[in-house]
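Student: I'm new to this protein and would like a close look at one part of it. Could you pick a strand, walk me through its surroundings, and then place it in the rest of the chain?

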Amino acid sequence: MPALAQTLPANDLGFLRIVASLWGIELTHSVPAEAALELAEAMLDAELMEEVIAALPDPARQALQTLFAASGRLPWVQFARRFGEIREMGPGKRDREQPHARPNSAAETLYYRALIGKAFFDTPSGAQEFAFVPDDLMQALEFIGFEPGEAPAPEPEPEPDIEPSIKIPEPEYTDLAEPEYADIEEIISEDDPETVIIPTVSARKPPVINQPAPLPPSAGEKAMGRAATPAEKAHIRPATDHILDDLTTLLAALRLGIEPPALAVPTPVLTGLLAASRLIIPSSNGRGAGGEGLQPEAVKTFLELPREAALASLVEAWQSSETFDELRLLPGLAFEGGWNNQPLVTREFILNLLDPIPEGVWWSIPSFIRDIKQKYPDFQRPAGDYDTWFIKRLADGQYLRGFAHWDDVDGALIRYFFQVLHWLGQLDLAAPDETAAPTAFRITNHELRILNPETAKIIISSNGLITIPRLTPRVVRYQVARFCNWGVSSTPDEYRYRVTPGSLKRAAGQGLKVSHLLSLLAKQTGGQVPPMLVKALQRWEANGSETRIETLTVLKVSKPEILTELRASKAARFLGEIIGPTTVVIQRGSEVKVMAALAELGLLTEAETVDGHTQ
């Protein structure tokens with residue numbers, strides 16, 4: 001930091017005299033540069049400094065203590081948000097309004113006593129404005145034994161009167177009151193049968209990339225927030241590894257070039273994880289059409305991994321990814337402009353904040369977010385920039401700019417971060433009831449849990465319906481899905497597929513053969529493939545489609561002579577295959593024209609609708 005003599009303005013004698021008067025110093029020099037040196041020397045007198053510091057109002061003393069605790073420097077936006085701004089005014093207005101006599105903030109009180117300065121300093125992300133204490137003034141404060149006070153405890157925020165604007169992905173929670181809850185020893189000793197132990201993430205210190213992140217909590221620092229209340233953890237949602245099954249479904253859909261069905265985890269999240277794991281190279285629309293972008297060898301390796309190893313690799317890829325961006329995955333928001341955030345730095349920082357929380361203990365989500373807002377509000381915005389990130393709420397088109405929208409963006413990001421960790425099997429979540437959004441989380445145990453092995457067998461009916469349990473090897477389901485049309489199952493623990501000529505033709509177009517499918521099915525059913533299905537598949541491979549069901553529009557007349565007259569009319573071009581003496585197929589969509597031609601022949605036609613009524 002600059003020294004005090006460099007901080008004092010060498011061209012503003014009026015400001016120097018204001019500072020001198022507040023310190024009780026009589027300046028003898030009238031040349032500003034010389035007066036600045038004289039004032040700086042006098043201000044560093046230890047006895048005088050003790051008197052000035054002791055006379056400071058409490059808010060100003062707290063502001064100075066906060067800067068002192070931060071090694072004498074804080075980003076100006078962060079400092080001003082807590083301790084107020086300094087009004088900009090020239091010498092004339094300053095003399096009239098005398099802000100030093102009637103300061104409107106703690107920052108202004110310190111500024112007109114020259115205890116703080118305001119200047120731009122270089123940072124890895126460019127020049128940034130800071131509030132600072134001059135270096136020699138910091139040394140003098142240390143000499144007189146000035147100590148930083150403890151940060152004030154975060155104040156509870158009032159319960160919102162309306163539902164928050166962002167749904168992630170369930171209705172937003174409302175902050176709960178803080179009733180009495182069990183002490184930490186009782187919570188740790190709870191025996192919850194729904195605990196799921198799976199591979200877990202570990203916090204790491206954030207790497208230096210392009211811009212500084214807030215300092216992570218030091219070893220032994222108290223965890224953000226508090227233990228959850230009984231109401232906050234009333235309804236438990238255990239972590240699972242089902243994300244592996246959703247990824248298998250999505251990979252098969254990408255390979256076939258079809259839209260995936262509705263999945264428990266949003267498709268953009270799954271696509272981002274596939275990209276982070278280098279299983280796909282996303283196209284411009286976020287996914288490859290017709291399998292474009294899939295990395296076949298990497299996909300095969302991933303699908304063949306045991307479930308616990310596959311989940312661990314997925315978590316590791318997510319944790320180190322610079323491209324998976326939780327902020328831009330927030331539902332209900334649009335992100336405009338050329339600004340950039342740094343998801344890896346933010347992710348590492350939040351993981352560090354989770355590190356002090358004991359494993360297996362239910363923790364309050366509202367209190368965790370509230371403490372971050374109080375202590376690390378700029379956790380994803382090191383420059384405290386709340387105005388140049390153009391983030392629009394889709395529901396009403398409002399741009400969420402300014403610190404007033406912290407809960408709608410930054411707070412929402414933390415809530416979504418918990419949801420991502422839950423999808424990845426790292427956190428159990430809990431809520432007051434089945435429909436409420438999560439209000440508590442529990443970090444799962446670090447030990448690897450031996451998950452259920454993928455040993456379930458395929459079930460095949462003679463009519464071509466294939467039922468695949470969730471714990472069938474994922475690589476098998478991926479391959480079977482490529483040969484079939486996809487059905488809908490009534491349970492998330494099984495998948496249904498049906499072999500059809502169309503699906504076989506599509507598979508053949510991707511180089512797959514019926515013999516491959518038969519071999520796969522025989523292996524996974526222990527040779528229990530229905531003989532008639534084997535016969536049907538072999539006949540299709542040899543002869544193609546031998547039967548066909550189609551919907552036709554048929555004209556029936558009472559006498560063959562009517563058909564003869566109709567064939568001689570201008571409607572003849574709409575007539576197709578003759579089914580019988582009084583029945584003929586007509587082209588779909590030509591019904592009105594055929595009825596008009598019959599009317600010209602003096603015949604009124606009765607038309608039967610789909611529901612069996614006539615008109």
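Tutor: Here is a walk around strand E9, followed by the cores, a loop and the whole chain. Keep in mind that this is a predicted model.

Let's begin with the strand itself. E9 takes in residues 440-443, and both of its faces are covered. On one side sit Ala440 and Arg442, on the other Phe441 and Ile443, and all of these are buried. Arg442 counts as buried because its relative accessible area is under 20%, which is the cut-off for that word.

Now for the strands beside E9. Strand E8, made of residues 427-431, runs antiparallel to E9, and four bridges join the two. One contact point to look for is Ala430, whose bridge partner in E9 is Ala440. Strand E6, residues 363-364, also pairs with E9 in the antiparallel sense, over two bridges. Here Ser364 has Ala440 as its bridge partner. So if you click on Ala440, you can look for Ala430 as well as Ser364.

Phe441 leads us on to the largest nonpolar core. That core has 92 residues, and Phe441 is listed with Ile243, Leu354, Phe368 and Ile466 as the members that touch the most others. Helix H17, residues 406-423, gives the most to this core, with 11 residues. There is also a second, separate core of 48 residues, and Leu16, Ile18, Ala20 and Phe79 are among them.

Ile466 is worth a stop too. Beyond its neighbours within four places in sequence, Ile466 is in contact with a run of residues including Ile458, Ile459 and Ile460, along with Val480, Cys484, Tyr495 and Leu521. Arg496 is also one of its contacts.

For a contrast, try Lys222. You'll find Lys222 in the loop between helix H10 (184-188) and strand E4 (235-237). Lys222 is exposed, with a relative accessible area of 67%, whereas Phe441 is buried. Lys222 and Pro356 are 134 residues apart in sequence, yet their C-alpha atoms are 7.0 Å apart in space.

Finally, step back to the whole chain. The protein chain has 23 helices and 16 strands, and 46% of its 615 residues count as buried. Among contacts between residues at least 6 apart in sequence, 66% join residues at least 24 apart. The accessible surface comes to about 30,700 Å², and carbon and sulfur atoms account for 53% of that.

Notes: Residues numbered from 1 in each chain as written. Predicted model: local features only at pLDDT ≥ 70, side-chain atom pairs only at ≥ 80, totals over all residues. Heavy atoms only, no water. Buried < 20%, exposed > 50% of the residue type's maximum accessible area, 1.4 Å probe, protein only. Contact = heavy atoms within 4.5 Å. Areas by Shrake-Rupley, 256 points an atom, 1.4 Å probe, with all protein chains shown as cover. Core = buried A, V, L, I, M, F, W, Y, C linked by side-chain atoms within 4.5 Å. Pairing = 2+ DSSP bridges.
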